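I opened a notebook page for this chain and wrote down what I looked up, in the order I looked.

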Amino acid sequence: MIDLHPEEKIVLVIRRHWFVFLSEVSALFLAALLPLAFPIFSNYIYEIGGQYLDPSQITAAITFFSAAWLLLLWIIFFIIFTNYYLDTLIITNQRVIDVDQVNLFARDIATAPLGSVQDVKIEILGFLATMFNFGNLHLQTAGGDKEIVIRGIKNPEYVKKLIMSTHQSEIGNQSSI
């Protein structure tokens, strides 16, 4: 997926925090409970549909739509999981690579050489982010129009320190050449 330069070594590969994934998926679990509400409203459904259909057809229709709903949620779950799993931040001894999986068939790859890194900022927003130690990492490069933003990364303080220490060693290597 990523071609490394000669003598380039991967220092760290990191993904978003599991809590970010869990928060995206939690709405799907609640939506999966929706077909369980059909028996509660079954008398109302049989009154309305009983004029046109017999009860076995209504039961078959409810079963079909419940199964279709759960299949749709299952597909959405795997799309969310694929986006979570393929969103990565790769730190090498020469550059920082942010792979952002936009959707199933589109990804955005941003690369910043460590020598051009000017500022690394982290944001830890909220109580849960503080408790579970995840946040956003902003990476500003020299001459870059926009900053690279990695959202929901786990242990952002450690990643910031690693980028800055790798940046310092890269600057030291360039000046000794």
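The entries below go from the overall layout to the sheets, the pockets and one residue.

**Entry 1, layout.** I noted at the outset that this is a predicted model. I counted the elements and found five helices and seven strands. Along the sequence I read the pattern β-α-α-α-β-β-β-β-α-β-β-α. I then looked up burial: of the 177 residues in the chain, 32% are buried. For contacts between residues at least 6 apart in sequence, I found that 56% join residues at least 24 apart.

**Entry 2, the four-stranded sheet.** I traced an open sheet of four strands with the order β1-β2-β3-β4 and antiparallel pairing. I asked which strands stand at its edges. They are β1 (10-15) and β4 (106-113); each has a single partner strand, so one side of each has no neighbour in the sheet. From one strand to the next I got an average twist of 15°.

I looked more closely at the pair formed by β1 and β2 (residues 88-92), which is antiparallel and holds five bridges. For Ile-10 I looked up the bridge partner in β2 and found Thr-92.

Next I checked what lies across this part of the fold. Helix α3 (residues 55-86) lies across β1, β2 and β3 (95-103). Against β3 I recorded an angle of about 170° for this helix.

**Entry 3, the three-stranded sheet.** I found three strands in an open sheet, ordered β5-β6-β7, again with antiparallel pairing. Its edge strands are β5 (117-123) and β7, each pairing on one side only. Ignoring direction, I have neighbouring strands of this sheet turned by 20° against each other on average. Between β5 and β6 (residues 134-141) I counted six bridges in the antiparallel sense. One of my spot checks was Ile-122, whose bridge partner in β6 is Leu-137.

**Entry 4, the largest pocket.** I read off about 330 Å³ of space for the largest pocket. I listed 18 lining residues, and those nearest the centre are Asp-98, Asp-100, Val-149, Ile-150 and Arg-151. I asked which elements give two or more residues to this lining. They are β1, β2, β3, β4 and β7 (148-154). The largest share comes from β7, with five residues. By class I sorted the lining into eight nonpolar, one polar and nine charged residues.

**Entry 5, the second largest pocket.** Here I read off about 160 Å³. The lining consists of Val-25, Leu-28, Phe-29, Ala-32, Leu-70, Leu-73, Trp-74 and Phe-77. At least two of the lining residues come from α1 (18-32), and at least two from α3. I sorted this lining too: eight nonpolar, no polar and no charged residues. Helix α3 is thus on my page twice, once lying across β1, β2 and β3 and once supplying this lining.

**Entry 6, Thr-166.** I located Thr-166 in helix α5 (residues 156-175). Is Thr-166 buried or exposed? The relative accessibility is 7%, and the cut-off for buried is under 20%, so I entered Thr-166 as buried. I then asked which residues Thr-166 is in contact with, leaving aside neighbours within four places in sequence. I found Thr-92, Asn-93 and Leu-114. Of these, Thr-92 was already in my notes as the bridge partner of Ile-10.

Methods
Residues are numbered from 1 along each chain as its sequence is written. This is a predicted model: local features need pLDDT of at least 70, side-chain atom pairs count only at pLDDT 80 or more; totals for chains, interfaces and linings use all residues. Side-chain values use heavy atoms; hydrogens and water are left out. Two strands pair if DSSP finds at least two bridges between them. Axes are lines fitted to C-alpha atoms, for helices over the stretch in contact, and angles run from 0 to 180 degrees between N-to-C directions. Contact means heavy atoms within 4.5 Å. On a 1 Å grid over the protein atoms alone, a cavity is a set of points where a 1.4 Å probe fits but cannot get out, and a pocket is an open set with protein on both sides within 12 Å along at least five of seven lines; lining residues have an atom within 4 Å of a point. Grid points are joined across faces, edges and corners, and a volume is the space filled by probe spheres set on the points. Ala, Val, Leu, Ile, Met, Phe, Trp, Tyr, Cys and Pro count as nonpolar, Asp, Glu, Lys and Arg as charged, and the others, Gly among them, as polar. Buried means under 20% relative accessible area, exposed over 50%, partly exposed in between (1.4 Å probe, protein chains only).
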